[in-house]
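Subject: Structure for you to look at

Hi,

Here is the structure I promised to pass on. Have a look at it first, then read my notes below.

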Amino acid sequence: MKYMKTLASLALAVLFVSAATAATTNAPVAPTTSQWTLSLSGAGSTSLNSGGNSTVGGEFELGKTTPVLVPLLKWNTDLNYGVRQSVGFSDVNGAKWQLGTKLFTDVKLLAWKSFEVDAGGNAGALYGNRELGWTAAPEVVGRVYLKKDVDFFGRVEYPFNMNTGRAEKSLLYTLGV
């Protein structure tokens, strides 16, 4: 129940930020051009508990960014959607390779100069030399644009194990270009 309250609070915060941003935005007609996106990223973690278990991995993302007009708010924003393929190695309880395929969607909430904040979610399968697992996660992405079409990003996810219906009580961090 505690996690449901946290998720509800997060959703209300996103709606509040969206409404506040929309209230200060002139809403011209939404542009009609879309563009494909490609990103490569890496992630890792090390447990500070006994044994020093660690996990390292990489991710490939293919997506599309499409400008949309939110009719209710009269607000222009970008919708990002696509697929992510990841590979990881963990030495927790013996060596394990893990692969993951996830579908994602994010909406641009805030853009200021070369900085952007997106929020959304992902869902997909985890597999490899482990049992098949299904996962879903809300996510927040921060981007800093180095050039017009090149950005450095950081993403934080709060995963839920869909096999058990419970939160995994961890945060996943990803950095990429």
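I started with the charged side chains, and there are 11 salt bridges in this structure. Keep in mind that we are looking at a predicted model.

Let me begin with Glu-61 and Arg-155. Their side chains form a salt bridge, with N and O 3.6 Å apart. Glu-61 belongs to strand β2 (residues 54-70) and Arg-155 to strand β7 (residues 150-157), so this pair joins distant parts of the chain, 94 residues apart. Is Glu-61 buried or exposed? Buried means under 20% relative accessible area, and Glu-61 has 7%, so Glu-61 counts as buried. Arg-155 has a relative accessibility of 2%, so Arg-155 counts as buried too.

Next, find Arg-84. What does Arg-84 form a salt bridge with? The partner is Glu-139, and the closest N and O atoms are 2.9 Å apart. Arg-84 is in strand β3 (residues 75-90) and Glu-139 is in strand β6 (residues 133-147), so the salt bridge ties together parts 55 residues apart in sequence. Both Arg-84 and Glu-139 are buried. Arg-84 also has an aromatic neighbour: its charged end sits over the ring of Phe-104, 4.1 Å from the ring centre.

A further salt bridge brings together the side chains of Asp-118 and Arg-143, at 3.0 Å from N to O. Here the linked parts of the chain are 25 residues apart, with Asp-118 in strand β5 (residues 115-128) and Arg-143 in strand β6. Asp-118 and Arg-143 are both buried. The charged end of Arg-143 sits over a ring as well, that of Phe-153, 5.6 Å from its centre.

Some of these residues turn up again in a bigger picture. Which residues are linked in a network of salt bridges? They are Glu-59, Glu-61, Arg-84, Lys-102, Asp-106, Glu-139, Arg-155 and Glu-157. Try picking them out one by one on your screen.

Now for the rings. Searching the whole structure turns up two aromatic pairs. Phe-89 and Trp-97 make a tilted pair, with 5.2 Å between the centres and 55 degrees between the planes. Phe-89 has a relative accessible area of 30%, so this residue is partly exposed. Then there are Tyr-158 and Phe-160, whose ring centres are 5.4 Å apart. Why is this pair edge-to-face? Planes over 60 degrees apart count as edge-to-face, and the planes of Tyr-158 and Phe-160 are at 85 degrees, so the pair fits that label. Tyr-158 and Phe-160 are both buried.

Finally, step back and look at the whole chain. How many helices and strands are there in the protein chain? You should find one helix and 10 strands. Along the sequence, the helix is followed by the strands, giving the pattern α-β-β-β-β-β-β-β-β-β-β. The protein chain has 177 residues, and 28% of them count as buried. Among contacts with a separation of 6 or more, 45% come from residues 24 or more positions apart. The accessible surface of the protein chain is about 11,300 Å², and carbon and sulfur atoms account for 66% of that area.

If you want somewhere to start, go to Arg-84: you can find both its salt bridge with Glu-139 and the ring of Phe-104 under its charged end.

Cheers

Conventions
Residues numbered from 1 in each chain as written. Predicted model: local features only at pLDDT ≥ 70, side-chain atom pairs only at ≥ 80, totals over all residues. Heavy atoms only, no water. Salt bridge = Lys/Arg side-chain N within 4 Å of Asp/Glu carboxyl O. Helix = DSSP H or I, 4+ residues; strand = E, 2+ residues; numbered from the N terminus. Buried < 20%, exposed > 50% of the residue type's maximum accessible area, 1.4 Å probe, protein only. Phe/Tyr/Trp six-rings, centres within 6.5 Å; stacked < 30°, edge-to-face > 60°. Lys NZ or Arg CZ within 6 Å of the ring centre and 35° of its normal. Contact = heavy atoms within 4.5 Å. Areas by Shrake-Rupley, 256 points an atom, 1.4 Å probe, with all protein chains shown as cover.
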